Amino acid sequence: MTETTKVETMTQPTTVKPNNGQNQGNKPKQPSVFMNFLGSMNLAVTLLVMLSIASVIGTVLQQNQTAQDYIIKFGPFWSEVYSALGLFHVYGAAWFVLVLVFLLISTSVCVTRNTPTFLKDMKQFSEKLSKNAIKHQPNNAVIESPLTLEQQQGYAKALLDHNGYKTKVHQRDDGSVTVAGLKGRWNRLGYFFTHISIIVICVGALLDSNLLLKFRELTGDLKAETRSVSLDEINQESWLGPDNLSFRGSVNIPEGDKTDVLFLPYENGYLVQKLPFTIVNEAFHIEYYDTGMPKNYQSELVLTSPDLEEPIRQTIEVNKPLYYKNYAIYQSSFGDGGTKLKLKVHPLLSPIENSIKIDTQINGIEPLKTPVGTFKAEFNDFRMHNIVPATEEEIKLTGRKMHNNGPTIIFKVRNEQGKAWEYENYMLPSKQEDRLFFMTGVRTMSSEPFRYLFIPADANRKKDRFFKFLAKLNNPLTTKELFTKLYPKTEDMSQKTYDTQTKLLQQLLMLFRSKGFAGINGFVEKNVPDEDREKVSEYYFGQTSFALQTLYMDVLVEEGVVKTHEDEISDFDKTWFEDALNTISGLSAYGPPMYFEMESFTQIEATGLQITKSPGKDIVYFGSAMLIIGVFFLFYLRQRRTWIHIQPKQKEEGSEGVEVTIASKDNKNLPETTAEFELLVSKMQDYNEKSQKQDSDK
């Protein structure tokens, strides 16, 4: 007996024809257009893209900063535009929460509509698929075999079982048999897990969002506080109780102080969150690198609550928070906690040395009544370290690349009209071109850099000589007495000429005091004819220099540096005099005529804590785990179907045997799919040839 084996391969896609049969009246109800829109892929992709863009904005653009910081960075116009769009608080913006809600609804609709289909597809072997449909699968072949139907059916089932398929046999009415195999049925769980995970993540994100706060704001029950006032002055509409579902806020606690509230940035202001516990900052520790950057900082905290038998004591630092119930307390920053200051205020226009002393602290406000008006001094910050690159000489001497300029205070002086000058005053002198200066910076806008004034240090590394010299320069009576004493009227000079000369010296000194040498030059250009300007200018500058030197020598005599005004002075004293004149020339742009000298301080540091209550955190973690599992099922599990249809040959054909149609389908169009199919066909052919040979031997 001979056998002819015929293999045909077809790659046409499956053609599905509409069913024109009966039961037209029992069609399932079609979903509405609105439900189709909610469950559409286009809507889901659009929402995911919007969330991605929002995440990029929230990563690139620093969130929850003060309005002034954004105005400085972007300008008034764009900061207003970005604020209206909610980009400064993107994760709490109404549109962001709305996108989450719609994504939750859209994914829920999609899961509701498709889950039954997925579950059915996992169980369905499609064993009743017609022979014609089997032939039109992506991979198919036809084999003519001399074996009986029972033999071929048994091997077909064994072959699929051996290759990991779950099988099901279907006996047809025409005597044929279909062995259907299904592998990778759990692939469909990937779709289920990924979609459910999005729902779970959205639920967790909404629990941690400010959705309820937005609702309270719309109903008029909540209003952000925009004023800088004490806690007892904040309106009740700006308070949140301990029952608030979720929040993320911050608070600064000075050493030795405690709090049971924190502040939540909201809209253009803030809300006050009441805590169900009290936090005490027992101590704060900080370490610095040589560059002045903080190396590590820790807070020794004590948490007390009515629910606790004993307080919780824990030292926290960055990435090592304190957990209590569903609250997390993070070490986020540090700052000044109200450092005590002892200051000396020098009046820059006073004809005598009459500085006043002030005991104050950071965040304190001190009123100042002066002859030129009433002012307020607002002390904003204290810095213990100010690290700058060292000079080459310092590097050779110390081996360090950085230099510490010492403590500074930052404060504002505000006049009665509200105009403010911001200052940065250094406590210790710093070296500039081999000379020591006390630096003081001033600016009128936060967006501007500080303009620095350098007060030369005397031989004792102090400012005493400068303010003595300045007081003499401010006092025309003392100047007149000094000139009259040192340079009396000669016999050949009239009293009128002598008085005129003395008065000119006083006027030149006052002009220099108010505007420097540039003021004298401007006076000459404005009041002297062109042909006489050079001569008059030379005379005025000479007289001014003479008068200044006379005042300076009188200061040196009082200090005991020299005995008389005619003595020679050292190079140091000469250089100091030149530096002092440069400093006095710049006092006109220094703002209100006051200089604040920091005599001593008692540093008090404050820890910056970020406290979160996040009930949705664990839900988001669970959803993320589901997403990972779903992606694993989708990418690493392929759903594959194989059909082996066995059709007995007709008796009139005059031959025995069966016709075997083999087909397969994979939900992924991969090269290995065809290779696996060809392997099945090859094994089927090998089995038939082996069986035929055994029959021939018999």
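**Surface, packing and aromatic contacts of the predicted chain**

The protein chain exposes about 39900 Å², of which carbon and sulfur atoms supply 54%. The structure analysed here is a predicted model. Its secondary structure comprises 16 helices and 26 strands. Along the principal axes, the C-alpha atoms occupy a box of roughly 160 × 60 × 50 Å. The radius of gyration is 45 Å, whereas a compact globule of 698 residues would have a value near 26 Å. Of the 698 residues in the chain, 41% are buried. Contacts between residues at least 6 apart in sequence were also examined, and 64% of these join residues at least 24 apart. The charges of the chain number 77 positive and 84 negative, and the mean positions of the two sets are 8 Å apart.

Two buried residues illustrate the packing in the part of the chain that precedes the strands discussed below. Val179 is located in strand β3, which spans residues 177–183. With a relative accessibility of 0%, Val179 falls in the buried class, because that class covers values under 20%. When residues up to four places away in sequence are set aside, the contacts of Val179 are Gln153, Ala156, Lys157, Leu160, Thr167, Lys168, Val169, Thr642, Trp643 and Ile644. With respect to Phe541, Val179 is 362 residues away in sequence, and the C-alpha to C-alpha distance between these two residues is 115 Å.

Arg188 belongs to helix α7, formed by residues 187–207. Its relative accessibility is 18%, and Arg188 is therefore counted as buried, the cut-off being 20%. Beyond its neighbours within four places in sequence, Arg188 makes contact with Phe118, Asp121, Met122 and Gln639.

A further buried residue, Tyr498, is part of helix α12, which runs over residues 495–527. The relative accessibility of Tyr498 is 10%, so this residue also counts as buried. Its contacts, with residues up to four places away in sequence excluded, are Phe483, Thr484, Tyr487, Pro488, Lys489 and Met493. Tyr498 and Leu548 are 50 residues apart along the chain, and their C-alpha atoms are separated by 19 Å.

Aromatic rings were considered next. A pair of aromatic rings is described by the distance of the centres and the angle of the planes. The count of aromatic pairs in the model comes to 42. One of these is formed by Phe247 and Tyr327, a tilted pair with 6.1 Å between the centres and 45° between the planes. This pair links distant parts of the chain, since Phe247 lies in strand β5 (residues 247–254) and Tyr327 in strand β11 (residues 327–336), 80 residues apart. Phe247 and Tyr327 are both buried.

A second tilted pair consists of Phe284 and Tyr297, with a centre-to-centre distance of 6.3 Å and an angle of 40° between the planes. Here the partners come from strand β7 (residues 269–288), which holds Phe284, and strand β8 (residues 294–304), which holds Tyr297; they are 13 residues apart. Both of these residues, Phe284 and Tyr297, are buried. Elsewhere, Tyr70, Phe74, Phe77, Trp78, Tyr82 and Phe88 together form one aromatic cluster.

Backbone geometry was examined at two loop positions. Ser126, a residue other than glycine, has a positive phi near 55°. Ser126 is situated in the loop that connects α4 (94–123) with α5 (131–135). Since its relative accessibility is 22%, Ser126 is classed as partly exposed, a class that lies between the limits of 20% and 50%. Asn363, likewise not a glycine, adopts a positive phi of about 80°. The loop that contains Asn363 lies between β13 (356–361) and β14 (365–370). At 58% relative accessibility, Asn363 counts as exposed, because the exposed class begins over 50%.

Conventions. Residues are numbered from 1 along each chain as its sequence is written. This is a predicted model: local features need pLDDT of at least 70, side-chain atom pairs count only at pLDDT 80 or more; totals for chains, interfaces and linings use all residues. Side-chain values use heavy atoms; hydrogens and water are left out. Helices (H or I, at least four residues) and strands (E, at least two) are DSSP runs, numbered from the N terminus. The radius of gyration is taken over C-alpha atoms; the globule rule is 2.2 Å times the number of residues to the power 0.38. Buried means under 20% relative accessible area, exposed over 50%, partly exposed in between (1.4 Å probe, protein chains only). Contact means heavy atoms within 4.5 Å. Accessible areas come from the Shrake-Rupley method with a 1.4 Å probe; for residues, only the protein chains shown count as cover. Lys and Arg count as positive and Asp and Glu as negative; His and the chain ends are not counted. The place of a charge is taken as NZ of Lys, CZ of Arg, CG of Asp or CD of Glu. Rings of Phe, Tyr and Trp (its six-membered ring) pair if their centres lie within 6.5 Å; planes under 30 degrees apart count as stacked, over 60 as edge-to-face and the rest as tilted.
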